[in-house]
Amino acid sequence: MTMGERIKALRTQQGLTQEELGEKVGVKKSAIYKYETGLVVNLKRSTIEKLAKALGVKPTYLMGMTNEDPVPPGFSPMPQMDQVPLVGRVACGTPITAEQNIERMVSVPSDWRATFTLKCKGKSMEPRILDGDLVAIRKQPMVENGEVAAVRIGEEATLKHVYVYSNYIELRPENPEFESIIKIGDEMEDVVIEGKAVGLCRGI
């Protein structure tokens, strides 16, 4: 497909006349006609950029340097995805035994930089996180106070807001109907931060 054919296809798809596209780009209708029919082929880079912006695509698409299909008006492009393991379940309430086996692989946005995902159970993190939600975790040993993290206590795992102080650790629920888990002194050694919650998937 030539650049002219791409321009015409995009313009038609978006319901624009040659005159309307010309107004967006800052040229006359006759110029758009020449672009689409190939009467003018050596377009300036600045013109290609204006056309691309008006049509909602990258200049490289118009120039034929990529075969990516343009995203229709009103839609957002699908983000790049990564496959990460779903590891056990996290208790949002009374902690349950952490299952170490991988249940399956799931797709999450690459921008999350997630290491694994966990299935939540319970109501202690409502309304922010619901029972059955899939939470993406980026594995790291520490988080900022107040951030939501997957935390292991011995062989148990839970998802809570984490607050670390010099002499105690508080694992605080979102739901005020639930009490915080407090570990003091030597008990702090039993708490291992598995990673920071970086994304959430619901209804999958």
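Two strands are taken to pair if DSSP finds at least two bridges between them. Helices (H or I, at least four residues) and strands (E, at least two) are simply DSSP runs, numbered from the N terminus. The model is a predicted one, with local features needing pLDDT of at least 70 and side-chain atom pairs counting only at pLDDT 80 or more, while totals for chains, interfaces and linings use all residues. Residue numbers start from 1 along each chain as its sequence is written, and side-chain values rest on heavy atoms, with hydrogens and water left out.

With that settled, strand S7 makes a handy starting point. S7 covers residues 156–164 and pairs with strand S6 (residues 148–153) in the antiparallel sense, over six bridges. In that pairing, Val 148 sits opposite His 161 of S7. S7 also pairs with strand S8 (residues 168–172), again in the antiparallel sense, this time over four bridges. Here Tyr 163 faces Glu 170 of S8. S7 and S8 make a hairpin, with three residues between them. As for cover, seven of the nine residues in S7 are buried, where buried means under 20% relative accessible area, exposed means over 50%, and partly exposed is whatever falls in between (1.4 Å probe, protein chains only). The areas themselves come from the Shrake-Rupley method with a 1.4 Å probe, and for residues only the protein chains shown count as cover.

S8 also holds Ile 169, which counts as buried because its relative accessibility is 8%. The C-alpha atom of Ile 169 is 6.4 Å from that of Met 188, although the two residues are 19 apart along the chain. Further towards the N terminus, Leu 86 belongs to strand S1 (residues 81–91). Leu 86 is buried too, since its relative accessible area is 1%. Its C-alpha partner in this case is Lys 119: 33 residues separate Leu 86 and Lys 119 along the chain, and 7.5 Å separates their C-alpha atoms.

Next come the salt bridges, each one a side-chain nitrogen of Lys or Arg within 4 Å of a carboxyl oxygen of Asp or Glu. Searching the whole structure turns up seven of them. Lys 139, Arg 152 and Glu 194 are linked in a salt-bridge network. Glu 194 counts as buried because its relative accessibility is 18%. One link joins Glu 194 to Lys 139, with the closest N and O atoms 3.2 Å apart. Glu 194 is in strand S10 and Lys 139 in strand S5 (residues 134–139), so this pair ties together parts that lie 55 residues apart in sequence. The side chain of Glu 194 also meets that of Arg 152 in a salt bridge, at 2.5 Å from N to O. Because Arg 152 belongs to strand S6 and Glu 194 to strand S10, that pair ties together parts 42 residues apart in sequence. Arg 152 is partly exposed, since its relative accessible area is 24%.

A salt bridge of a more local kind involves Arg 45 and Glu 49, whose side chains meet at 3.2 Å, N to O. The two are four residues apart in helix H4 (residues 45–55), which means that about one helical turn separates them. Arg 45 is partly exposed because its relative accessibility is 45%, and Glu 49 is partly exposed as well, at 39%. Between the C-alpha atoms of Arg 45 and Pro 59, 14 residues apart along the chain, the separation is 8.6 Å.

On the surface, Asp 186, Glu 187, Glu 189 and Asp 190 gather into a patch of negative charge. Patches take residues with over 30% relative accessible area and no salt bridge, joining like charges within 9 Å and nonpolar side chains (Val, Leu, Ile, Met, Phe, Trp, Tyr) within 5 Å. Glu 187 sits in the loop between strand S9 (181–184) and strand S10 (191–201), and counts as partly exposed because its relative accessibility is 39%.

Two backbone details round things off. Most residues other than glycine have a negative phi, and most peptide bonds are trans. The peptide bond from Glu 126 to Pro 127, however, is cis, with omega near 5 degrees. Pro 127 is in the loop between strand S4 (116–121) and S5. Arg 113, though not a glycine, has a positive phi of about 55 degrees. Arg 113 is placed in the loop between strand S3 (102–109) and S4, and is exposed because its relative accessible area is 55%.

Key
Lys and Arg count as positive and Asp and Glu as negative; His and the chain ends are not counted. The place of a charge is taken as NZ of Lys, CZ of Arg, CG of Asp or CD of Glu.
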